[in-house]
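Thanks for asking me to look this one over. Here are my notes, written to be read with the structure open beside them.

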Amino acid sequence: MKPVLLIAINFVREQRWPIFVLLLWVLLLAFLGLVTDIRREREDLLFVFKQVAIYVVAFSIFFGGSAIYNERRSRRILGVLSKAVGRQRYLSGLVLGVTMAGAIYCFALGITGSWTLGEAGFPVSQIWYLMLCLVAACTLAGTVALTFSTFLNPFLAAGATAAVLLGLPALVGRALGPQWEYVIPVWPLAAKVVQASFDSPGGAAWFPLGLAAVETLAFWLLAARIFSYVDIAVAVE
Amino acid sequence: MGSVLEFESVTKEYRSFPARRHLRALDCFTLNVEAGEILGFLGPNGAGKSTAIHLAMGFMRPTSGSGRLLGERFGHAPTRRRVGFLAENVALYHRRAERLVRFYGALNGMRGSHLERRARQVLEMVGLQGDLNRNVGKFSRGMLQRVGLAEAMVNDPELLILDEPTSALDPLARVTVRELLLNARSAGKTIFLSSHLLSEVELVCDRVAVLHRGQLVRMGRTADLLQASAQTQIVARGITTAFLDGAVARDGIVSFSIPANQQRATMERVWSMGGEIVSVNPMRRSLEEVFLEVTAAPQSSDSEGVE
């Protein structure tokens, strides 16, 4: 388990600048909370909160889709996989790294959101549940991107991930009924944040969270299977 | 002594997409590395040396054939705990040297004060004791290579697989690494050393394997390969160059080479002509000559750039 954690921490460390840029958005939210008349601008504040929240899902796709590519291009992957680390464990480390990056962001957003939205008069009892939904969406989105990135370059992997996360549920939902939009629950989880009405306390639904966890596991297994056949020493360019 | 690294009829082809061209990097390659030896792995650019090493480390799969690393099939992750690997172009995360070596040690399951001690020790062994707390991002290529070597040795491996470990080192650092390799052998370690620096290989390797166009074209003990010449060089004075075709005179000293089996008769001829023998030496070939001899055939385009 320790190597997985080490790889995850190393991943977050390597992605510290994108994470820092992401956190600037949270700082923007905090700044708005400090300088504006929160009570009068409460709807704008809520809009910014939701917008800032959604960015992290897009960044998770970017993190997941480029992780293997960057490591192979720099050839640093050889140093890691020359140790007693199997490819499945290596991918576990990357998935955990993507999760940690998302969790850092969501934690910062949760703290800032609790304060600013609370000051604006919104009941914020649900905010940590929404952050949990966001982390689950990030983890699943990042894992799907990671799966595609085992055999595609980052741009194609990101495109394929977007198609699977948005296109597939939309298509299946249209063909089989709206409940099938949960087939890959990234959008439903993100939508919980986007559509959250803090004025009326909503109940916490755990099904999409559980489903996201199961699908993360499934995509991780698929990624590990594909990755076990990849010649990692071959130049990715 | 048993084999610690075995390639059994290993073939590796790279398929390019979409052209469907097949590049055969290794062709029925068979090799055994015995425990406790330093085996020099030579070959021109594109011969397939790095491919063979990457297969052994499990970075890729053979197209056909198989191999074993310390008794386990290639790619068996737990076995790599007993292996140290240095890649041709060392690529490291940018962090302090000591932390970096500890990171790699921890990936191999090392822990606590033992890991800390060992990380410092290996960095001192490669001559970086004054740079433990410097970020490797600011290191020269030679220093990076030394950190890479330290990283490869941190787990005190039974088998070291080194791909061009001295290519970026200055002569002083090369001597350090050479001593390090010889000490490792004395401690019972096995070293699989791929290098273009033939003089280094000649100095440290017990056996040499030469790979050309993906095939093993020469294999043997270094001493045997270098003494394979059946010629003897005789240096004499008191005779002229007319003594033998090809004799060369300088400052009254005449030197010439003859087949070893004619040594005694030739020496007696020198003495009978009133000459004096200065020296008689069996002619040694350099590893470079051996290398050029076995790799002289022109490269096929199929084997280009598959290192």
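The points below go from chain B as a whole to its sheets, then to the core, chain A and the contact between the chains.

1. **Before you start.** Please keep in mind that this is a predicted model. Everything below was computed from its atoms, and none of it comes from an experiment on the protein.

2. **Chain B at a glance.** Nine helices and 14 strands make up the secondary structure listed for chain B. Its C-alpha trace spans about 75 × 50 × 35 Å along the principal axes. Of the 307 residues in chain B, 39% count as buried. If you take the contacts in chain B between residues at least 6 apart in sequence, 70% of them join residues at least 24 apart.

3. **The six-stranded sheet.** A good place to begin in chain B is the open sheet with the strand order S6-S7-S8-S3-S9-S10, whose pairing is mixed. Its edges are S6(B), residues 83–86, and S10(B), residues 215–221, each of which pairs on one side only. On average, neighbouring strands here are turned by 15 degrees against each other, direction ignored. Within the sheet, S3(B) (residues 38–42) and S9(B) (residues 207–212) run parallel and are joined by four bridges. To find this pair on screen, look for Gly40(B), which stands opposite Val208(B) in S9(B).

4. **Helices across that sheet.** Two helices of chain B are worth displaying together with these strands. H1(B), residues 49–56, lies across S3, S7, S8 and S9 of chain B and runs at about 145 degrees to S7(B). H5(B), residues 171–186, lies across S3, S7 and S8 of chain B, at about 145 degrees to S8(B).

5. **The four-stranded sheet.** Another open sheet in chain B has the order S12-S13-S11-S14, with antiparallel pairing. Here the edge strands are S12(B), residues 248–250, and S14(B), residues 276–282. The twist averages 20 degrees from one strand to the next. Three bridges join S12(B) to S13(B), residues 253–259, and Arg250(B) has Ile253(B) as its bridge partner in S13(B).

6. **Pairings of S1(B).** Which strands pair with S1(B) in the antiparallel sense? One is S2(B), residues 22–34, which pairs with S1(B), residues 3–15, over nine bridges. The other is S4(B), residues 64–69, over five bridges. As landmarks, Lys12(B) stands opposite Leu26(B) in S2(B), and Glu6(B) stands opposite Arg68(B) in S4(B).

7. **The nonpolar cores.** The largest nonpolar core has 145 residues, and those with the most contacts inside it include Leu134(A), Ala137(A), Ala150(B) and Ile161(B). Helix H6(A), residues 127–149, gives the largest share of this core, 15 residues. Apart from this core lies another, of six residues, among them Ile234(B) and Val270(B). As a general reminder, nonpolar side chains in soluble globular proteins tend to be buried together. Beyond its neighbours within four places in sequence, Ile161(B) is in contact with Ile53(B), Ala56(B), Met57(B), Val83(B), Phe85(B) and Phe192(B).

8. **Helix H1 of chain A.** How does the length of H1(A) compare with the expected span? At 1.5 Å a residue, the 13 residues of H1(A), residues 2–14, should span 18 Å, and the end C-alpha atoms are indeed 18 Å apart. The buried residues in H1(A) are Pro3(A), Ile7(A), Ala8(A), Asn10(A) and Phe11(A). Seen down the helix axis, they fall within an arc of 165 degrees, so they line one face of H1(A). They pack against H3, H4 and H5 of chain A, together with H2 of chain B.

9. **Glu14(A).** This residue also belongs to H1(A). Is Glu14(A) buried or partly exposed? It is partly exposed, because 18 other C-beta atoms lie within 10 Å, whereas 20 or more would make a residue buried. Glu14(A) and Ala223(A) are 209 residues apart in sequence, and their C-alpha atoms are 21 Å apart in space.

10. **Where the chains meet.** In the contact between the chains, 21 residues of chain A touch 23 residues of chain B. On the chain A side, H1 and H4 are the elements that give two or more residues. H4(A) provides the largest share of that side, five residues.

Methods: Residues numbered from 1 in each chain as written. Chains lettered and ligands numbered in written order. Predicted model: local features only at pLDDT ≥ 70, side-chain atom pairs only at ≥ 80, totals over all residues. Core = buried A, V, L, I, M, F, W, Y, C linked by C-beta atoms within 7 Å. Buried ≥ 20, exposed ≤ 12 C-beta atoms within 10 Å, placed from the backbone. Contact = placed C-beta atoms within 7 Å. Expected span 1.5 Å × (residues − 1). Arc of directions from axis to C-beta. Pairing = 2+ DSSP bridges. Axes fitted to C-alpha atoms, helices over the stretch in contact; angles between N-to-C directions.
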